[in-house]
Amino acid sequence: MSAVVTGLAITASPTSRLPHGRRIGADQIDHLLRRTARLRCLDDHLGGADTYRLYAAELAVTSALADDASYTQETGRALLSVLAEQAQQAGWAAFDAGWHQEARRLFKQSLSAATDAGDTSLIANSLAYLAYQKVSSGHSGADEADAACRVATRRTPPAVRALLFERAAWAHALEGRSHEAEVTRALGKAAEALDSSSSLPSPEWAQWVDRTELQIMTGRCWSTLRRPLRAVPALEAALAQYDDTHARDKALYLTWLAEAHLDAGEVEQAAAILGRSADLCADVASVRPHKRIKSVLQRLDAHGDEPCVSELRQRLATLSFDVASPDTPPSPRRSL
């Protein structure tokens, strides 16, 4: 675990020290939400293999609080929403680390908690996470992604609706060229959501969804569908605004830009971009960009006689892409 995570992990949440049976209310819920939001920021800079233990421990603390404290029905629903949100974050870290069995368990736990809380935004996001994991594992998940979109209502904040529709677009893109109409429709719905004049506040966990994020997903979809003339402009424009400090995500997104250039016959450009992606994520504890780099590198093998490809292979051979073994997450502690 990184020094940053280690330092945070030993800082216990005050709510974890409440005596058994202590009554809690809105102040404790607000504290949990603020702490969850602060810890979520780690995901901007670290991979899931580094953050999983911390997120899972936070979830364990909140679960113990739900079991041991007393509270009103309203506070109980709010606490369930916090549990759903924390389970999603822990599940995302497990997914990012390649621990798919644990990720799916946590996403299902989140769905259960969100359903009990009656929180439609978190219900929909849990379904979207389950679909996202499914399609990322090579399975069909378009139906589940569409179901997540149907959960959304007029009371669903715009950023949440945009997130659901862009994930639906991604699920359909991975289904292949026959789903292009669904991809276009879902991306359009996501744009409509972001452009809406709704006064509904977005939850903190969805506030990162903006026009740049949608542009990236648009480029990823068209790259996957082998439409480089659509993919390259979208990805280049969006990534020009993306800071290198977001190393994991930028490295991941660059792989789709590299692949789009490869589909356009620009082998040298594809190799250069893939090399940049590898440099960014060399020390990131996430399997996703590493797997993508290997996938695009395999496609470049068809051009192995070109100097840019052989040079890239030699350079990547010196980089370490080792991450924690899939489906074997470390056991989280019960409390911090």
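A pocket here is an open set of points on a 1 Å grid over the protein atoms alone, with protein on both sides within 12 Å along at least five of seven lines. The volume of a pocket is the space filled by probe spheres set on its points, which are joined across faces, edges and corners. By that yardstick, the largest pocket comes to about 730 Å³. Keep in mind that this is a predicted model, where local features need pLDDT of at least 70, side-chain atom pairs count only at pLDDT 80 or more, and totals for chains, interfaces and linings use all residues. Residues are numbered from 1 along each chain as its sequence is written, and side-chain values use heavy atoms, with hydrogens and water left out.

**The largest pocket**
- Its lining (residues with an atom within 4 Å of a point) runs to 30 residues, and D43, D44, W208, R248 and D249 sit nearest the centre.
- Two or more lining residues come from each of α4, α6 (120-136), α8 (158-175), α10 (211-224) and α12; helices are DSSP runs of H or I, at least four residues, numbered from the N terminus.
- α10 gives the largest share, five residues.

**S81 in helix α4**
- S81 belongs to helix α4, residues 73-97.
- S81 counts as buried (under 20% relative accessible area, 1.4 Å probe, protein chains only) because its relative accessibility is 14%.
- Beyond neighbours within four places in sequence, S81 has contacts (heavy atoms within 4.5 Å) with A117, D119 and L122.

**Helix α13**
- Buried residues of α13 include V267, I273, L274 and C281.
- Among the elements covering them are α12 (247-263), α14 (287-300) and α15 (307-316).

How values were computed. Buried < 20%, exposed > 50% of the residue type's maximum accessible area, 1.4 Å probe, protein only. 1 Å grid on protein atoms, 1.4 Å probe; cavity = no way out; pocket = protein on both sides within 12 Å on 5 of 7 lines; lining within 4 Å.
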